[in-house]
Each structure stands twice: as structure tokens, then as C-alpha cells.
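Let's take a walk through this one together. Have the sequence and the fold open side by side, and we'll start with the empty space before turning to what surrounds it.

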Amino acid sequence: RLALEYEIADPLLGPVPLLAAPGVFCRKHLDDGTRALLTELEAQDLLADRPPRQVLDLGAGVGPLGLWAARRWPDARILAVESNYLAAALVADNAARLGCGPRVEVLVSDGLPATGPGSGIGAARGRVDLALVNPPTHADPEAFAALVAPLRHWLRPGAPAWFVVNRAGRLAQVLGQTGAELDLREVPGFTLVRATWPQTNLSPKPG
């Protein structure tokens, strides 16, 4: 179905390399930002006392963050959102290679849909226990805000969204306007941002 030409092999991803192809983000290696975020999450033993049941990978690429979560928590369901059709197809292919295909749902979209609870994708809204995001901070400010801001409606109250960015200024501003509480951690070359929303019905702050 696809002319797959590259393998992304990295100890953080486990023993099975991810397949990639021309035209997708970081097609030949694990992105440095993704590696920084996964290294931090591994060190923290994230959510060891309460494994997540629903994980959101927003801007999934070929799936390194979401599939790392699928491997780490065998009972978790993963929603991977990706705008690139080729990358989205590769997420599904990689999930099948890793043996977690039935637990991984792929949505080809520029962002999270404005849908309420129900069947299919909408059933995850308000029920996500963990979001993992390596966002395109180079994007147009309005497009960037449109991607990030809806997260508060998809996470359970108090559930974390983890981001990795080169510079946290724009992200912190967008998240702050949604009422998020932020924890910023500097690692070599990147800033890791942990955002939580005590409630999901907060209105954006003015300004």
C-alpha cells in the first residue's frame, strides 16, 4: 500500500522499529524533542499508580509518542491525531507491527473535532487520561492556538497534557488563556510543559 523506505530504531521505542517514508516528519530518526519528552516520562515512571485508560497523541507523526504509550500500558487505548495522510497511515501500520493495532485509533485531521460524547472518536472527549504533544510551534499563531486550546475539553479534570517545545512562550500564553496550570521543566535544548485543567468547563481568560 505504501512505499516504506525507512526504519526508525531507538531504545526508547522498544525492539520493533517504526516504519517511515519520504514526506513525513523526521522520517529517518527519532525527533530530538520526542526523545527528550520520552526520556523524562520514562524517568518519572509516569502514572505508575494509575495507568491511563485513554491516551491522546496530538500531531502524532508516524506514532512514536502514542505507540510508546501503547507499549508501556497494555490496557490503554490510543487516539492518534495527524493531519498528514501518509503519516496517519503509517501510525496504523506501525501499531499493527507492534501488535497493538486494535487499541490504536487514527484520526486524519488538523486538530481535535468539536464533537461531544458518543460513539467512535467523540467517545474520548472528556475522558482522556494523558495527552502527549510535540506541537508545530512554527505554525501560524491562530492555527497553533486552534490545535492546542481544545485539549482542555478532551482531558479528564486534573489529567495532564505533556508538551515538548524549543521555546515555551507561545505555548504558555495559549494554555494560560484556557485556564491551564503549568509546570515548566528545562532540559537540554527543549522545554517540557505539563499542563492540567482542574475543570473542563473553563472559559478562556480575556486577552
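This is a predicted model, and a good place to start is its interior: there is one cavity of 30 Å³ or more in the structure. The largest cavity comes to about 30 Å³ in volume. Its lining is made up of Leu13, Leu18, Pro64, Leu67, Trp68 and Leu98. Helix 2 contributes the most here, giving three residues to the lining of the largest cavity.

Now for the open space. The largest pocket holds about 690 Å³. It is lined by 36 residues, and the closest to its centre are Phe25, Gly59, Asn134, Pro135 and Pro136. Helix 1 (32-44), helix 2, strand 4 and strand 7 are the elements that each give two or more residues to this lining. The largest share is that of helix 1, with three residues.

Let's zoom in on one of those central residues. Gly59 sits in the loop that runs between strand 3 and helix 2. Is Gly59 buried, exposed or partly exposed? Its relative accessibility is 38%, so Gly59 counts as partly exposed, given that buried means under 20% and exposed means over 50%. If you set aside the neighbours within four places in sequence, Gly59 is in contact with Val81 and Glu82. Gly59 and Val108 are 49 residues apart along the chain, and their C-alpha atoms are separated by 9.8 Å.

Step back from Gly59 into strand 3 (residues 54-58), and you find it mostly covered, with five of its five residues buried. In a regular strand, side chains alternate between the two faces of the sheet. Here both faces are covered: Gln54, Leu56 and Leu58 are buried on one side, and Val55 and Asp57 are buried on the other.

So what does strand 3 pair with? Strand 4 (residues 77-82) is one partner; the two run parallel and are joined by five bridges. Within that pairing, Leu56 has Leu79 as its bridge partner in strand 4. To get from strand 3 to strand 4, the chain passes through helix 2 (residues 64-72), and this β-α-β crossover is right-handed. Strand 6 (residues 130-133) also runs parallel to strand 3, joined to it by four bridges. Leu130 in strand 6 is the bridge partner of Val55.

Further along the chain, have a look at helix 6 (residues 169-177). Which residues of helix 6 are buried? They are Leu171, Val174 and Leu175. These residues cover an arc of only 95° around the axis, which puts them on the same side of helix 6. What they pack against is a mix of elements: helix 4 (141-148), strand 7 (160-165), strand 8 (181-187) and strand 9 (190-196). Just after helix 6 comes Gly179, which takes a positive phi of about 90°.

Finally, zoom out to the whole protein. Its secondary structure comes to six helices and nine strands. Of its 207 residues, 48% are buried. And if you take the contacts between residues at least 6 apart in sequence, 68% of them join residues at least 24 apart.

Terms used: Residues numbered from 1 in each chain as written. Predicted model: local features only at pLDDT ≥ 70, side-chain atom pairs only at ≥ 80, totals over all residues. Heavy atoms only, no water. Buried < 20%, exposed > 50% of the residue type's maximum accessible area, 1.4 Å probe, protein only. Pairing = 2+ DSSP bridges. Right-handed = clockwise from strand over helix to strand, strands pointing away. Arc of directions from axis to C-beta. Contact = heavy atoms within 4.5 Å. 1 Å grid on protein atoms, 1.4 Å probe; cavity = no way out; pocket = protein on both sides within 12 Å on 5 of 7 lines; lining within 4 Å. Points joined across faces, edges and corners; volume = space filled by probe spheres on them.
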